[in-house]
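Dear colleague,

Please find below the structure I am handing over to you, with its sequence. My findings follow directly after it.

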Amino acid sequence: METYRKIAAANLRRAAEIVAETKLVASWEAIGAEVHIIGSLATGLMMKNRDIDLHVYTDTVSVADSFRAAARIASHPGIVRMEYNNLIDTEEACIEWHAAFRDTDGRMWKMDMIHIRRGSAYDGFAERMASRIGAVLTEETRDAILRLKYETPDTESVIGAEYYAAVLSGGVRDWAGFLAWREAHRGESLIGWLP
């Protein structure tokens, strides 16, 4: 377990450096947004998938303002790709920004920045999930999640919430148990799941 903990700790340190170096928070705050770090960076459960996830909130979501923040971020030389999805007129009431960042060691990082209208359907959900996960994690469940993430084949696509629900609600502790849990819950939505 020590290996998994060391990998997670190193990834968390590097992610925090990248957030500062790329001025992610400052770029969004410059347009008046409130910024929340979510996902594995917030829970401390970052393993092989180097993801930096942010939810940024404003009272209204302006395409022009969102592009202003994104342009500041994209100007960093480590940003090698940036994609945009306009979901303002959907239930999500947001603009999604997905960036790829190459660090000085040549490792790729994924950045998901979701610019959300304050008060919309998903306002605060990811933050509540991270908070609840942090509140219920034990050393045993933390190690189980990190181990599952580490043992996941690179060809397998698994969202973080699947690991968390399997371990924290399903009692899963190993890869075989995770696969069985996943099959038993295939097609179920994890939207709204909290531990």
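In this predicted model, helix 6 covers residues 139–151 and therefore offers a convenient place to begin, with 13 residues in all. From the first C-alpha of helix 6 to the last the reach is 18 Å, close to the 18 Å expected at 1.5 Å a residue. Its buried residues are T141, D143, A144, I145, L146, L148 and K149. These residues pack against five other helices, namely helix 1 (2–21), helix 3 (39–43), helix 5 (125–136), helix 7 (160–168) and helix 8 (175–184).

The packing of helix 6 on helix 1 can be described further. The axes of the two helices lie 9 Å apart, and the angle between them is about 80°. Helix 1 is thus roughly perpendicular to helix 6, since angles of 65 to 115 degrees are counted in that class. On the side of helix 1, the residues in contact are Y4, R5, I7 and A8. Helix 6 meets them with E139, D143, L146, R147, Y150 and E151. D143 and L146 also appear among the buried residues of helix 6.

A second helix pair is formed by helix 7 and helix 8, whose axes come within 10 Å and cross at roughly 105°. This pair, too, is roughly perpendicular. In helix 7 the contacts are made by E162, Y163, A165 and A166, and in helix 8 by F178, W181 and R182.

I turn next to the nonpolar cores. The largest one has 25 residues, and those with the most contacts inside it are L24, W28, I52, L54, W109, M111 and M113. At least two residues of this core come from each of helix 1, helix 2 (24–29), strand 2 (51–58), helix 4 (63–74), strand 4 (94–102) and strand 5 (108–117). Strand 4 gives the most, with four residues. Leaving aside residues up to four places away in sequence, L54 touches L24, W28, V35, H36, I37, I38, D112, M113 and I114. There is also a second, separate core of 24 residues, which includes M47, F125, A165 and V167. Of these, A165 is also one of the helix 7 residues that meet helix 8.

Strand 4 is paired on two sides of the sequence record, as follows. With strand 3 (79–87), strand 4 runs antiparallel, and eight bridges join the two. One of the partnerships between them is that of R81 with A100 in strand 4. With strand 5, strand 4 pairs in the antiparallel sense over nine bridges, and I95 stands opposite H115 in strand 5.

Both pairings are hairpins. The hairpin of strand 3 and strand 4 has six residues between the strands, while that of strand 4 and strand 5 has five. In the turn of the latter, G106 has a positive phi of about 85°.

Finally, some backbone angles deserve your attention. Most residues other than glycine have a negative phi. In A93, however, phi is positive, near 45°. A93 is found in the loop between strand 3 and strand 4, and it is buried, with a relative accessible area of 4%. K23 likewise has a positive phi, of about 60°, although it is not a glycine. K23 sits in the loop between helix 1 and helix 2.

With kind regards

How values were computed: Residues numbered from 1 in each chain as written. Predicted model: local features only at pLDDT ≥ 70, side-chain atom pairs only at ≥ 80, totals over all residues. Heavy atoms only, no water. Expected span 1.5 Å × (residues − 1). Buried < 20%, exposed > 50% of the residue type's maximum accessible area, 1.4 Å probe, protein only. Contact = heavy atoms within 4.5 Å. Core = buried A, V, L, I, M, F, W, Y, C linked by side-chain atoms within 4.5 Å. Pairing = 2+ DSSP bridges. Axes fitted to C-alpha atoms, helices over the stretch in contact; angles between N-to-C directions. Parallel < 35°, antiparallel > 145°, perpendicular 65-115°, else oblique.
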